[in-house]
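Got the viewer open and a selection box ready? Let's walk through this one stop by stop, picking a few residues or an element each time.

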Amino acid sequence: MTLVSEEDLSAAARVVYQHMSPTTQISWPLLSQRSGCEVWVKHENHTPIGAFKVRGGLNYLTRLRQTQPCIGGVISATRGNHGQSLALAAARLGLRAVIVVPRGNNPEKNAAMRAFGAHLIEHGDDFQAAYDQAMNLAITEGLHPVRAIHADLVAGVGTYGMELFQAVPDLDTVYVAIGQGSGICGLMSARRALGLSTRIVGVVAEQADCYAQSFEAGQAISTESADTLADGVACRIPDPAALESILDGVARIVRVSEAEILAAMGHMFTDTHNLAEGAGAASLAALLKEKDRMQGRKVGLILTGGNVDKTLMARVLEGA
């Protein structure tokens, strides 16, 4: 299980808020009209890296510095936001950050990681290949490996869940995209800490649905590919610990198509004037897919990030 305690969340909040302010949650009337229910958007696109992951990186590397003061550097793999999180946190804490990305990764996210001070290595054709290479390099290069799921990452990102639930405690359901699983596990941890009964619904891309298949089967199922424009959910091998928590605490997992993701990115822009990357808009895509089921309810959407590249956003706006 990857859920963390209220004490862990409180300790993480003290770390996170040294570096950033809480993000806002807004009920946008046009989104509510579009979906037929009262919609609250948690704006994790408004963090210092434009995504929720920054919270986990700050908490993880701060704790690492405290427990291993002689550590020199860290290494991990990413499609973008996790890497930006580690790069920013490493720069603030005086650590070296090496990030492995798959070939053809979002060039704007790559540029952002470099701007935060990370050394980038391109390897493999997808996240899993990059991740495996990062774990190998950790040994040969003497770097601390930051894995996809860890209690300190979950506690850090879980602070957004505490903010949302404390501000809007009577939500019926919250939709959140699933990448490697830290975000949804942090959200479940916050729900448990506050003693709420809010339903949590995971969202995956149809073309990267290993968590949906695993949820339905009750056991880990990997897929051969994760070919989706929503790079934040482009996962083909579920994390066992995250999956255990998801099986126990998630109401359901909804698959959304590439067209539904693109449409939701456009709706988020026209209805709120916020940019949403594919994974950030996936929650809205799922709500609109379940529009009839959710009529009249009070619903939260996690806008996990706004780091969309200009080429994809131009495609979204043309479609809109």
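Start by selecting Gly 73 and Arg 96: Arg 96, in β4, is the bridge partner of Gly 73. Keep in mind as you go that this is a predicted model.

**The four-stranded sheet**

Now widen the selection to strand β3 (residues 73-77) and strand β4 (residues 96-101). These two run parallel and are joined by 5 bridges. Add their neighbours and you have an open sheet of 4 strands, in the order β5-β4-β3-β6, with parallel pairing. Which strands stand at the edges? Pick β5 (119-122) and β6 (144-145): each has a single partner strand, so one side of each is left without a neighbour in the sheet.

Next, bring in the helices. Select residues 81-93 for helix α4, which lies across β3 and β4 and runs at about 170° to β4. Then select residues 127-141 for helix α6. That helix lies across β3, β4, β5 and β6, and its direction is about 155° to β3.

**A stop at Pro 48**

Jump to Pro 48, in the loop between β2 (38-43) and α3 (53-67). Is Pro 48 buried or exposed? Somewhere in between: its relative accessible area is 38%, so Pro 48 counts as partly exposed. Show what surrounds it, leaving out residues up to four places away in sequence, and you'll find that Pro 48 touches His 19, Met 20, Val 54, Leu 88 and Phe 116. For a distance label, try the C-alpha atoms of Pro 48 and Ser 85: they are 9.0 Å apart in space, with the two positions 37 residues apart in sequence.

**Where two helices cross**

From the loop, carry on into α3 and also select helix α7 (residues 151-167). The two pack at an angle of about 135°, and their axes are 7 Å apart. Angles of 65 to 115 degrees count as roughly perpendicular and those over 145 as roughly antiparallel, so α3 is oblique to α7. The crossing of α3 and α7 is right-handed.

To see the contact itself, show side chains on both helices. On the α3 side, pick Lys 53, Arg 55, Gly 56, Gly 57, Asn 59, Tyr 60 and Arg 63; they meet Asp 152, Leu 153, Ala 155, Gly 156, Val 157, Thr 159, Tyr 160 and Glu 163 in α7. Colour the residues of this contact by type and they divide into 5 nonpolar, 5 polar and 5 charged.

**The six-stranded sheet**

Time for the other sheet on this tour. Six strands make an open sheet here, in the order β1-β2-β10-β7-β8-β9, and the pairing is mixed. The edge strands are β1 (25-27) and β9 (252-256), each pairing on one side only. Look along the sheet for its twist, which averages 25° from one strand to the next.

Let's cross it strand by strand, beginning at β1:

- Select β1 and β2, which pair in the antiparallel sense over 3 bridges. The residue to pick with Ser 27 is Trp 40, its bridge partner in β2.
- Select β2 and strand β10 (residues 298-303). These run parallel, joined by 6 bridges, and Val 39 stands opposite Val 299 in β10.
- Pause on β10 alone: 6 of its 6 residues are buried. Lys 298, Gly 300 and Ile 302 point one way, while Val 299, Leu 301 and Leu 303 point the other way.
- Add strand β7 (residues 173-177), which pairs with β10 in the parallel sense over 3 bridges. Tyr 175 has Leu 301 in β10 as its bridge partner.
- Finish with strand β8 (residues 199-205) and β9, a parallel pair with 5 bridges. Here Val 201 stands opposite Arg 252 in β9. How many residues of β9 are buried? The count is 4 of its 5 residues, so to speak a mostly covered strand.

**Last stop: Ser 214**

Select Ser 214, which is found in helix α9 (residues 210-217). Ser 214 counts as buried because its relative accessibility is 0%. Leaving aside neighbours within four places in sequence, Ser 214 is in contact with Gln 219, Ala 220, Ile 221, Pro 238, Leu 243 and Leu 247. Show those side chains around Ser 214 to finish the tour.

Definitions and conventions. Residues numbered from 1 in each chain as written. Predicted model: local features only at pLDDT ≥ 70, side-chain atom pairs only at ≥ 80, totals over all residues. Heavy atoms only, no water. Buried < 20%, exposed > 50% of the residue type's maximum accessible area, 1.4 Å probe, protein only. Contact = heavy atoms within 4.5 Å. Axes fitted to C-alpha atoms, helices over the stretch in contact; angles between N-to-C directions. Parallel < 35°, antiparallel > 145°, perpendicular 65-115°, else oblique. Left-handed = near helix turned anticlockwise from the far one by under 90°. Nonpolar A, V, L, I, M, F, W, Y, C, P; charged D, E, K, R; others polar. Pairing = 2+ DSSP bridges.
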